[in-house]
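This report goes through selected local features of one protein model. The sequence and structure come next, followed by the description.

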Amino acid sequence: MERKRSTALVTGASRGIGREFARLLAANGHGLVLDEFARQLSREYGTTIRCEAIDLSVPGAPQQLWSRLESASIEVDTLVNNAGSGLYGNVQDQDPTALERMLQLNVIALAALTRLALPGMISRRRGHILNVGSLVGYQPGGPRMAAYYGSKAFVESFSRGLAAELEGSGVTVTALSPGPTESAFEATSGAARSIIYRYLPKADPIRVARAGINGMNRGKASVIPGVLTKLLVFAGRLSPRSIGVAVNRILLKEAAH
């Protein structure tokens, strides 16, 4: 029997790294399901695209999305959990609803979609899951972005544990941990005011996405793109946690105008 063409679900595909994930997967012949984004990829690459506009920061949204896919008899062989958001500022000053929605998107939606995708992938003995974390997932903590740093630490730990669970199943899990990347993240999160996001060089989202897809296709458990990012991860792992937090406190201060 002819094997069905692989279908990829990409969340947060409207811009930045997510947009480039979608382009690369379409160029490689994957059918696409996008939670948002344009249909021009269908014209450019001749692949089938289904757009599902849904807010994954709302409780229950992952299950609603998956129900739609099951109703359409869509089998997802590649899941790219790219959607995420951040919040800058002390926790006590952050809007409680915004904080809850960030954690819902960065943690709960990612874990829920992964859980929903796994049974089909395991039964078919093939599949890829690419979870987009961050350099900060390796850091001991980030004053003024404490919840965001914590959510990305979850992505790193969850992905590594799950990858070990799935050994021999035909399904791989890859955590992509980029550093600051050209995107709207700094503006939407408020972190553009901080020293680290104002002065640290930003990576090209095309290169970051390509590194993630290549690592995923090779079954790598972890992808850290860029020499500077690797150095910062190395420093975060080796330095005493108290020193790491103290350094991050300085880097996450508001930059002088």
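S177 is buried, with a relative accessible area of 2%. This residue belongs to a predicted model. S177 sits in the loop that links β6 to α6 (185-189). Beyond its neighbours within four places in sequence, S177 is in contact with G133, S134, L135, Y138, E156, V223, I224, P225 and T229.

A lysine can be described in like manner. K152 is part of helix α5, which covers residues 146-165. With a relative accessible area of 6%, K152 is buried, since values under 20% count as such. Not counting residues up to four places away in sequence, K152 touches N106, V132, G133, S134, V136 and G137. G133 and S134 are thus named among the contacts of K152 and also among those of S177. From K152 to L251 the separation is 99 residues in sequence and 18 Å in space, C-alpha to C-alpha.

Two residues with positive phi are set out below.

| Residue | Phi | Loop | Relative accessible area |
|---|---|---|---|
| S73 | near 55° | between α3 and β4 (78-81) | 57%, exposed |
| R125 | near 60° | between α4 and β5 (127-132) | 51%, exposed |

Neither S73 nor R125 is a glycine.

The helix packing comes next. Helix α3 (residues 61-71) and helix α4 (residues 96-124) have axes that come within 9 Å and cross at roughly 30°. Angles under 35 degrees count as roughly parallel, so α3 is roughly parallel to α4. Their crossing is right-handed. On the α3 side the contact involves P62, Q63, L65 and W66, and on the α4 side A109, A112, L113, L116 and A117. Sorted by class, this contact has 8 nonpolar residues, 1 polar residue and no charged residues.

Helix α4 also packs against α5, at an angle of about 10° and with the axes 9 Å apart. The two helices are therefore roughly parallel to each other. From α4, the residues in this contact are L99, M102, L103, N106, V107, L110, A111, T114 and L118, while α5 supplies A147, Y148, S151, K152, F154, V155, F158 and L162. By class the contact of α4 with α5 has 13 nonpolar, 3 polar and 1 charged residues. The buried K152 is in the α5 part of this contact, and N106 of α4 is among the residues that K152 touches.

In soluble globular proteins, nonpolar side chains tend to be buried together. Here the largest nonpolar core has 23 residues, of which L9, L56, W66, L79 and L113 touch the most other members. Elements that give two or more residues to this core are α3, α4, α5 and β6 (171-176). The most comes from α4, which gives 6 residues. W66 and L113 are listed in this core and also in the contact of α3 with α4.

L79 can be followed further. Its contacts, leaving aside neighbours within four places in sequence, are L9, L113, T114, A117, M121, H128, I129 and L130. Another core lies apart from the largest one; this other core has 21 residues, including V10, I49, V80 and L130.

Conventions: Residues are numbered from 1 along each chain as its sequence is written. This is a predicted model: local features need pLDDT of at least 70, side-chain atom pairs count only at pLDDT 80 or more; totals for chains, interfaces and linings use all residues. Side-chain values use heavy atoms; hydrogens and water are left out. Axes are lines fitted to C-alpha atoms, for helices over the stretch in contact, and angles run from 0 to 180 degrees between N-to-C directions. Helices (H or I, at least four residues) and strands (E, at least two) are DSSP runs, numbered from the N terminus. Angles under 35 degrees count as roughly parallel, over 145 as roughly antiparallel, 65 to 115 as roughly perpendicular and the rest as oblique. A crossing is left-handed if the near helix is turned anticlockwise from the far one by less than a right angle, and right-handed if clockwise. Contact means heavy atoms within 4.5 Å. Ala, Val, Leu, Ile, Met, Phe, Trp, Tyr, Cys and Pro count as nonpolar, Asp, Glu, Lys and Arg as charged, and the others, Gly among them, as polar. Buried means under 20% relative accessible area, exposed over 50%, partly exposed in between (1.4 Å probe, protein chains only). A nonpolar core is a set of buried Ala, Val, Leu, Ile, Met, Phe, Trp, Tyr and Cys residues joined through side-chain atoms within 4.5 Å.
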